[in-house]
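Good morning, and thank you for joining. I would ask you to look at the charged side chains as the structure comes up on the screen.

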Amino acid sequence: MPAVSRKIKEVDNVTADDVLDHVREAKEPLVFRGLVADWPLVRSSRVSSREAGDYLRNAYDGSPVTAFTGKEKSGGRIFYTEGLADTNFRQIKTDLGWVLDRIRESESDPDSPVVYMGSTAL
């Protein structure tokens, strides 16, 4: 992997109302530090992963979600197999509770199977 030759500019103390102005004026990538620090999910995640999971469960409407599961010892990487003939994961339809339970069961095991759920409207 190539080395990063310069640091990405960080912007502090930005409100949601100011973000678009910063993005419009930017000529390079930006990192907005603390922008969503007061969001309820972020606050609950600071308490514990269990608290964050409970917050998500309470907001969840029961709609099916798409999750990706991979094998143990994949290093957390969802990708193609050697030779690019297949993938190292499978895609399933499930519910959010199943995803959160799998993550909770294995959160302290670095060699656990991968469970990933991408952007999903809850």
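I shall speak about salt bridges and about how exposed their partners are.

Please bear in mind that this is a predicted model. In total, six salt bridges are found in the structure. I shall discuss some of them, beginning with those that involve E10.

Which residue pairs with K7? K7 forms its salt bridge with E10, and the closest nitrogen and oxygen atoms are 3.9 Å apart. That pair counts because the cut-off is within 4 Å. K7 is classed as exposed, with 70% relative accessibility. E10, at 37% relative accessibility, is partly exposed.

E10 also meets the side chain of R33 in a salt bridge, at 3.2 Å from N to O. This contact links distant parts of the chain: E10 belongs to strand β1, residues 9–11, while R33 sits in the loop between β2 (30–32) and α2 (40–47), 23 residues apart. R33 has 44% relative accessibility and therefore counts as partly exposed.

Let us turn to helix α1. Here the side chains of D21 and R24 form a salt bridge, with an N to O distance of 3.1 Å. Both residues lie in helix α1, residues 16–25, and are separated by three residues, about one turn of the helix. As for exposure, D21 is partly exposed at 39% relative accessibility, whereas R24 is exposed at 60%.

Finally, I return to the group around E10. Through salt bridges that share partners, K7, E10 and R33 are joined into one network. Thank you; I welcome your questions.

Methods:
Residues numbered from 1 in each chain as written. Predicted model: local features only at pLDDT ≥ 70, side-chain atom pairs only at ≥ 80, totals over all residues. Heavy atoms only, no water. Buried < 20%, exposed > 50% of the residue type's maximum accessible area, 1.4 Å probe, protein only. Helix = DSSP H or I, 4+ residues; strand = E, 2+ residues; numbered from the N terminus.
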